[in-house]
Amino acid sequence: YSGWSFIETAKILSQYSIGYLFSDNVAVLLTSDRYKQLLYYFYLSKYWEFIDTWIHFIKGREPSFLQVFHHTGAVLMIGTGIYHEVACVWLFVTFNSFVHTLMYGYYALSCMKIKVPYKQLLTSVQIVQLVSANTLGWYYFFFTDMPMKDRILLSLSTGYILGLVNMFVLFYNRSYGSRIKSE
């Protein structure tokens with residue numbers, strides 16, 4: 001599903017120039033029924049991702065705070081952004097669906113007992129995705145003429161993402177830091 005979301009979002013975005021997408025005119029995306037439907041499906045998919053958390057419970061393990069924070073925050077932030085029609089929500093949908101395509105591809109191969117050596121790289125890509133989306137979100141905040149409600153919601157989203165960046169960096173250092181030093 002993530003791959004389909006990414007491809008469909010890319011098709012819609014490809015109709016516009018980069019300059020147009022990073023201008024005050026980006027709100028035109030929200031006039032597209034196809035785009036709004038895609039956003040809604042993407043929002044619903046965030047609930048599906050709670051299954052990751054339940055798998056931990058089924059296996060008798062406690063899910064990490066990062067996982068619970070990430071899944072809960074994604075539902076709230078994406079849902080609020082869509083409900084209030086924050087035009088730059090496309091950033092988060094595009095970046096997140098791309099990374100989730102890689103991530104769920106990795107999980108699928110792992111479940112089939114196919115050894116994939118890029119788990120550490122996947123965490124790096126997640127961090128880059130979060131930092132990139134946040135940076136571009138701040139671009140919208142400072143350099144476009146967005147309504148106050150969009151500014152408030154974008155500020156909340158970028159604050160949430162900064163928290164995620166911090167937690168993913170800590171996770172990366174705990175998981176891979178000793179490997180990097182020993183190599």
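Trainee: Which residues lie nearest the centre of the largest pocket?
Mentor: Keep in mind that this is a predicted model. The largest pocket has a lining of 29 residues. Those nearest its centre are Asp52, His56, Gln67, Tyr107 and Lys119.

Trainee: What is the volume of the largest pocket?
Mentor: The value is computed on the predicted model. For the largest pocket the volume is about 1000 Å³.

Trainee: Which helix supplies the largest share of the lining of the largest pocket?
Mentor: Helices H4 (50–58), H5 (65–83), H6 (89–111), H7 (119–143) and H8 (148–182) each give at least two residues to this lining. One of them contributes 8 residues, the largest share. That helix is H6.

Trainee: How many residues of the lining of the largest pocket are charged?
Mentor: Take the classes in turn. The lining holds 14 nonpolar residues and 10 polar ones. The charged residues number 5.

Trainee: Which residues are closest to the centre of the second largest pocket?
Mentor: This pocket has a volume of about 290 Å³. Its lining consists of 24 residues. Closest to the centre are Met77, Ile78, Phe92, Tyr160 and Ile161.

Trainee: Which helix gives the most to the lining of the second largest pocket?
Mentor: Two or more residues come from each of H3 (33–48), H5, H6, H7 and H8. The top contribution is 7 residues. It comes from H8.

Trainee: How many residues of the lining of the second largest pocket are nonpolar?
Mentor: Set the other classes aside. This lining has 7 polar residues and 2 charged ones. The nonpolar residues number 15.

Note on methods
Residues are numbered from 1 along each chain as its sequence is written. This is a predicted model: local features need pLDDT of at least 70, side-chain atom pairs count only at pLDDT 80 or more; totals for chains, interfaces and linings use all residues. Side-chain values use heavy atoms; hydrogens and water are left out. On a 1 Å grid over the protein atoms alone, a cavity is a set of points where a 1.4 Å probe fits but cannot get out, and a pocket is an open set with protein on both sides within 12 Å along at least five of seven lines; lining residues have an atom within 4 Å of a point. Grid points are joined across faces, edges and corners, and a volume is the space filled by probe spheres set on the points. Helices (H or I, at least four residues) and strands (E, at least two) are DSSP runs, numbered from the N terminus. Ala, Val, Leu, Ile, Met, Phe, Trp, Tyr, Cys and Pro count as nonpolar, Asp, Glu, Lys and Arg as charged, and the others, Gly among them, as polar.
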